Amino acid sequence: MEPVPHVVIVGAGFGGLMAAKALAHTPVRITLIDRRNHHLFQPLLYQVATAGLAPAQIAAPIRAVFRHQKNATVLLGEVTSVDLDRQEIVAEHKREPFDYLVIATGAHHSYFGRDDWAPFAPGLKSLEDAIEIRRRILLAFEFAETEEDPAERHRLMTFVVVGAGPTGVEMAGAIAEIARRTLRDEFRNFDPGEARVVLADAGSRVLPSFPEALSRDAQRRLEKLGVEVHLNAAATACSDEGVVIGQTEIAARTVIWAAGVAASPAARWLGADADRAGRVKVGPDLSVAGHANVFVIGDTASASDAQGRPLPGLAPVAKQQGAHVARVIAARVARRPVPKPFVYTSFGNLATIGRKAAVIDFGRLRLTGFAAWLLWCVAHIFFLIGFRNRITVALDWSWAYLNFSHGSRLIIGSTHWPPAQGTPAATVRPMPPRHTVSS
């Protein structure tokens, strides 16, 4: 009796989960490895960062997702290298042999060579990032309540988002709504509605992957919410005092980075060709050159559409790639002809501007405003992977999202002002000296 082929999948994001689930009825043994124990619905991560939703509402335990899939084993661990000669991955000093390997390790923040900015301008890729950003945003309002120096209060109430792609646009709009609506009646010594929210980008328009008409509509809606949009203005300096956008200094205590991403170190593990962002160049079947049994998908892969344009780092791309790789593996295991080369089917681009508006590009069909926002909600529920009943999730999200859930506005961690993420609490320095209101 032939041994059952072993498929190792590294990463439990959209691509990795889809590949594992699509192999549920294939005679293979699956090992899914991730450094976290949960699958994250990343498109809604900005809502945790802006206190709209709680972390548990956009994450699901990986083990729960595969509870009933008997051919799948879930391991918690961080992969550090791949031994292609021995056909093994190395994770936490443990080796795991494979017959087929699928790498779906995603991406992380890119500061374009200025990693020293990271402590002052955190990015948004994980629940930890979201909770840290939420902490900084909420602390800024708390400190402003007891601040008597007008200049320092203005610095506290200035929020800068660098990068005007979907994440930046959604973050800026959500922060503006927190200030002007959510917190409107909760402070006594200042008006949260006077907060300054700045969205800056080196490009010529917001949402550059959208048609120009939708970009203009998005910018108009952002400005209606009170967001200042600075275009053709790259960040040239960043510190705990603020940020320099082009030649303009903006004094701000909260800066959020949404300007760039870089792939995981998978290309280095595999010794494979990579693009400028570090993504592994893959073949038509998403395999790595010279290694037909090794596949790379999602944000880690550099692949193109039928017109030769790079595929975007979107959840639908990763999901379709995961399903395609599963079909290739299933065909090889069954000794059937392999599927045709991977072709991405685009379902359009979506981005929200606040809680009641969005822009959607479906090619010939383009929507804006409240109708687009409703469709955005339906689309995100449809794309859920491995969560409990989707209707229940939809009801939870709708209530929390429309009611500005109070339980999501929790400050977790140190209440000292952060110079850096991950700094031990004992060494975190307080905010700059400030005057407190006498009792």
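Here are some friendly questions and answers about a sheet and several salt bridges in this predicted model.

Reader: Let's start with the open sheet of three strands: in what order do they come?
Author: Happy to begin there. The pairing in this sheet is antiparallel, and neighbouring strands are turned by 25° against each other on average, direction ignored. The edge strands, each pairing on one side only, are β6 (79-83) and β8 (94-97). The order is therefore β6-β7-β8.

Reader: Which residue of β7 is the bridge partner of Asp83?
Author: Strand β7 covers residues 88-91. β6 and β7 pair in the antiparallel sense over four bridges. In β7, the partner of Asp83 is Glu88.

Reader: Turning to salt bridges, how many does the structure hold?
Author: A salt bridge here needs a side-chain nitrogen of Lys or Arg within 4 Å of a carboxyl oxygen of Asp or Glu. One of them joins Asp217 and Arg221. The count for the structure is 23.

Reader: How far apart in sequence are the parts that Glu128 and Arg36 tie together?
Author: The side chains of Glu128 and Arg36 meet in a salt bridge at 3.2 Å, N to O. Glu128 lies in helix α4 (residues 127-145), while Arg36 lies in the loop between β2 (29-34) and β3 (38-40), so the pair ties together parts separated in sequence by 92 residues.

Reader: Is Glu128 buried, partly exposed or exposed?
Author: Good one to check. Buried means under 20% relative accessible area and exposed means over 50%. Glu128 has 44% relative accessibility, so Glu128 counts as partly exposed.

Reader: Which helix holds Arg155, the salt-bridge partner of Glu241?
Author: The closest N and O atoms of Glu241 and Arg155 are 3.7 Å apart. Glu241, partly exposed at 38% relative accessibility, lies in the loop between β14 (235-239) and β15 (242-245). The pair ties together parts that are 86 residues apart in sequence, because Arg155 lies in helix α5.

Reader: And Asp217 in its salt bridge with Arg221: is Asp217 buried or exposed?
Author: The closest N and O atoms of this pair are 2.7 Å apart. The two residues are four apart in helix α7 (residues 212-225), so about one helical turn separates Asp217 and Arg221. Arg221 is partly exposed, with a relative accessible area of 21%. Asp217 has 13% relative accessibility, which means that Asp217 counts as buried.

Reader: Which residues do salt bridges that share partners join into one network?
Author: Two of the members are already familiar: Asp83 and its bridge partner in β7, Glu88. The network consists of Asp83, Arg86, Glu88 and Arg95.

Key:
Residues are numbered from 1 along each chain as its sequence is written. This is a predicted model: local features need pLDDT of at least 70, side-chain atom pairs count only at pLDDT 80 or more; totals for chains, interfaces and linings use all residues. Side-chain values use heavy atoms; hydrogens and water are left out. Two strands pair if DSSP finds at least two bridges between them. Axes are lines fitted to C-alpha atoms, for helices over the stretch in contact, and angles run from 0 to 180 degrees between N-to-C directions. Buried means under 20% relative accessible area, exposed over 50%, partly exposed in between (1.4 Å probe, protein chains only).
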